[in-house]
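Please look over the following protein chain and its fold, with attention to its overall form, its pockets and two individual residues.

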Amino acid sequence: MEVVIVPDAKAGGALIAGAMADLLRRTPDALLGVATGSTPLPVYEALAAQVRSGSVDTSRARIAQLDEYVGLPADHPESYRSVLRREVLEPLGIGMDAFMGPDGAAEDVQAACEAYDRALAEAGGVDLQLLGIGTDGHIGFNEQCSSLVSRTRIKTLTEQTRADNARFFGGVVDQVPHHVITQGIGTILEARHLVLLATGESKADAIAATVEGPLAAVCPASALQMHPHATVVVDEAAASKLKLADYFRRTYASKPDWQGI
């Protein structure tokens, strides 16, 4: 995988937004896979700025959701469908008719998981999937020891993940759902380009395990090692545990501009 070390979150957001913009210029109806949380916000802000300036057209772009809470109605302010509408779709000028996501309120959750996996395939697959990473190395809601070939399915959140997400529910852990629908690792790996963004010292151990550790289910993000086009963008703090950090810096510094990420 390619590792790009940037000065800060803003620089990482601009770099990834640039890659998304280049993709949309080549493929105007590209399917962009998006993640929630605070880490990807600089990406969406930078891409929205390009839309406002007229340098990229998102009128034909499509958006695919990575995961969703089980049991929250779609219009709940903290359902990921609502969050993505506020943070991605509306700023980019993309309508809900171009949005794909699993039904977290479905009576038959397993059927909803299978339906979303099929829908992604029928849509031609995800062109670029943006990922965050948990402090324990999870991607999407594929918690530790998830199968590396798993498909979209229901997962039970760890107490650490629920505690991490309590800030979105007024700090009340009991308000955070116990279950989620998530694209499986096998599903995620089918995207044509995977881009993982991590910032902050709290992510340093997970990034080191992802990039330089063994391929292991205990660090689900290590599955990116098997992907033919995976890019890991990290700030200096998140890169602080990488033994090969200097090599990654030299490699990216000598890369031709036309190659992108």
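Buried residues, meaning those under 20% relative accessible area (exposed is over 50%, partly exposed in between, with a 1.4 Å probe and protein chains only), make up 54% of the 261 residues in the protein chain. This is a predicted model, in which local features need pLDDT of at least 70 and side-chain atom pairs count only at pLDDT 80 or more, while totals for chains, interfaces and linings use all residues. Residues are numbered from 1 along each chain as its sequence is written, and side-chain values use heavy atoms, with hydrogens and water left out.

The chain has a radius of gyration of 17 Å, which agrees with the value near 18 Å for a compact globule of 261 residues; the radius is taken over C-alpha atoms, and the globule rule is 2.2 Å times the number of residues to the power 0.38. Eight helices and ten strands are present, these being DSSP runs (H or I, at least four residues, for helices; E, at least two, for strands) numbered from the N terminus.

Two pockets are compared below. A pocket is an open set of points on a 1 Å grid over the protein atoms alone, where a 1.4 Å probe fits and protein lies on both sides within 12 Å along at least five of seven lines; lining residues have an atom within 4 Å of a point. A volume is the space filled by probe spheres set on the points, which are joined across faces, edges and corners.

| Pocket | Volume | Helix giving the most to the lining |
|---|---|---|
| Largest | about 470 Å³ | α5 (residues 159-165), four residues |
| Second largest | about 340 Å³ | α1 (residues 9-26), six residues |

The largest pocket is lined by 25 residues, and T36, I133, G134, H138 and N165 are the closest to its centre. Around the second largest pocket there are 19 lining residues, with A19, D22, Q259, G260 and I261 nearest its centre.

D117 lies in helix α4 (residues 109-122) and is buried, with a relative accessible area of 15%. Its side chain is joined to that of T152 by a polar contact of 2.6 Å, that is, a pair of N or O atoms within 3.5 Å, of which one must be able to donate a hydrogen and the other to accept it, residues adjacent in sequence counting only if both atoms are side-chain atoms.

C145, in the loop between β6 (128-131) and β7 (153-156), counts as exposed at 59% relative accessibility. The phi of C145 is near 70°, a positive value in a residue other than glycine.
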